[in-house]
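Take a moment to turn the model around before reading on. The notes below walk through some of its parts one at a time.

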Amino acid sequence: MFIGVWSYYTTIIDYFANYQNITVEQISPKLIIEFIDYLEDKGLSYRTVRDTHALLYSFFNEQIIKEVISVNPCAKTASHISKPQNNVDEFKFLSIEEYEELRDFLETHKDKKYFFLKDMFELTIVYGLRKEEILALQWDCVDFETMHITIKRTRTKGSKVYDYDNVKNVGSFRVYPITKNIYDILNKIKSQQNEDNLKSNYLFYYSEKQSPEHVGEPFRPDYINKVMKSLIKDYKEEKGID
């Protein structure tokens, strides 16, 4: 179950073992870019390289919190990851700075219907989750003792929830470490549920205000689509972008 995450760890350990005397403070963006090149030269997939980079990025964020370093050396290096040719024209990605602007918008917007998206986006970005996976997250996926989160379900259009234990796509069953930032988010969500005296198996669900008849039930994918369209419209208007 931990094979996927452990492979990222061992890859990182194997590479940086060549720098036995290097300290965290001495790791530079140039070295991170060289590490990306190393991963790609090994023939690893775009997703593996991206996820390994994301794991490093989270680690250095932890070091900033601990005041070991002041700048994350992984910042602005993700653009050096070579994207698959068939996806180059299909996808465009927010920079870290653009995402942080969006996150501030979600936190301060007067319409609180956007507020839950902030936590949803954080989990999505850190772990590279799809919408169907984030909506299917239940508390049995969260292990605060081992500090790991398991991705094993997907919620599709309608009300059905599929467990990856029963599908052929074994690669979709994944286990990730819970970082300090993600721990704070999960703990806040759990505390809010307790405060509202609401027992829901899901991390993201309808509130009384959003849907009185479905309180505690997980969001439907089409509801998220509608909120996202509204968010994009409001964000574009506030920022004056097309």
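What follows is a short tour of this predicted model, from the overall layout down to single residues.

## The overall layout

Let's start with the whole chain. Its secondary structure comes to 8 helices and 5 strands. If you read along the sequence, the order is α-α-α-α-α-α-β-β-β-β-β-α-α.

How much of the chain is buried? Of its 242 residues, 39% count as buried. As for contacts with a separation of 6 or more, residues 24 or more positions apart account for 57% of them.

## Helix H8

Helix H8 covers residues 221-239, which makes 19 residues. How far apart should its ends be? At 1.5 Å a residue, the helix should span 27 Å, and its end C-alpha atoms are indeed 27 Å apart, so the two values agree. Just after H8 comes Gly240, which takes a positive phi of about 65°.

Now look at which residues of H8 are tucked away. The buried ones are Pro221, Tyr223, Ile224, Val227, Ser230, Leu231, Asp234 and Tyr235. It helps to know that an α-helix has 3.6 residues a turn, so residues three or four places apart point the same way. And what do the buried residues of H8 pack against? Their partners are helix H4 (96-108), helix H5 (115-127), helix H6 (131-135) and strand E3 (153-155).

## The second largest pocket

Next, some open space. The second largest pocket holds about 590 Å³. It is lined by 18 residues, and the ones closest to its centre are Phe115, Phe116, Gln192, Tyr205 and Ser207.

Which helix gives the most to this lining? That would be H7, with 4 residues. Both H5 and helix H7 (180-195) supply at least two residues each. Sorted by class, the lining of the second largest pocket has 8 nonpolar, 4 polar and 6 charged residues.

## A closed cavity

There is also a space that is shut off. The model has 1 cavity of 30 Å³ or more. About 100 Å³ of space lies in the largest cavity. Its lining has 11 residues, with Asp51, Leu55, Val126, Tyr127 and Tyr176 nearest the centre. Two or more lining residues come from each of helix H1 (3-16), helix H3 (46-65), H5 and strand E5 (174-177).

H3 is the biggest giver to the lining of the largest cavity, with 4 residues. By class, that lining divides into 8 nonpolar residues, 2 polar and 1 charged.

## Rings that meet

How many aromatic pairs does the model have? The count comes to 15. One of them joins Tyr15 and Phe16, and this pair is edge-to-face, with 5.1 Å from centre to centre and 85° between the planes. Tyr15 also pairs with Phe35, this time tilted, at 4.9 Å centre to centre and 50° between the planes. The pair of Tyr15 and Phe35 links distant parts of the chain: Tyr15 sits in helix H1 and Phe35 in helix H2 (residues 29-41), 20 residues apart.

Are these rings buried or exposed? Tyr15 has a relative accessible area of 7%, so it counts as buried. Phe16 counts as buried too, at 14% relative accessibility, and Phe35 is buried at 1%. Ring pairs link Tyr15, Phe16, Tyr19, Phe35 and Tyr38 into a cluster.

## Two residues to find

Two more stops, starting with Pro177. This residue lies in strand E5. With a relative accessible area of 11%, Pro177 is under the 20% limit and is therefore buried. Where is Leu55 compared with Pro177? The two are 122 residues apart in sequence, yet 8.7 Å apart in space, C-alpha to C-alpha.

The other stop is Gln63, which lies in helix H3. Gln63 is buried as well, with a relative accessible area of 9%. What does Gln63 touch, leaving aside its neighbours within four places in sequence? It is in contact with Val24, Val68 and Ile69.

Terms used: Residues are numbered from 1 along each chain as its sequence is written. This is a predicted model: local features need pLDDT of at least 70, side-chain atom pairs count only at pLDDT 80 or more; totals for chains, interfaces and linings use all residues. Side-chain values use heavy atoms; hydrogens and water are left out. The expected span of a helix is 1.5 Å times one less than its number of residues. Buried means under 20% relative accessible area, exposed over 50%, partly exposed in between (1.4 Å probe, protein chains only). Contact means heavy atoms within 4.5 Å. On a 1 Å grid over the protein atoms alone, a cavity is a set of points where a 1.4 Å probe fits but cannot get out, and a pocket is an open set with protein on both sides within 12 Å along at least five of seven lines; lining residues have an atom within 4 Å of a point. Grid points are joined across faces, edges and corners, and a volume is the space filled by probe spheres set on the points. Ala, Val, Leu, Ile, Met, Phe, Trp, Tyr, Cys and Pro count as nonpolar, Asp, Glu, Lys and Arg as charged, and the others, Gly among them, as polar. Rings of Phe, Tyr and Trp (its six-membered ring) pair if their centres lie within 6.5 Å; planes under 30 degrees apart count as stacked, over 60 as edge-to-face and the rest as tilted.
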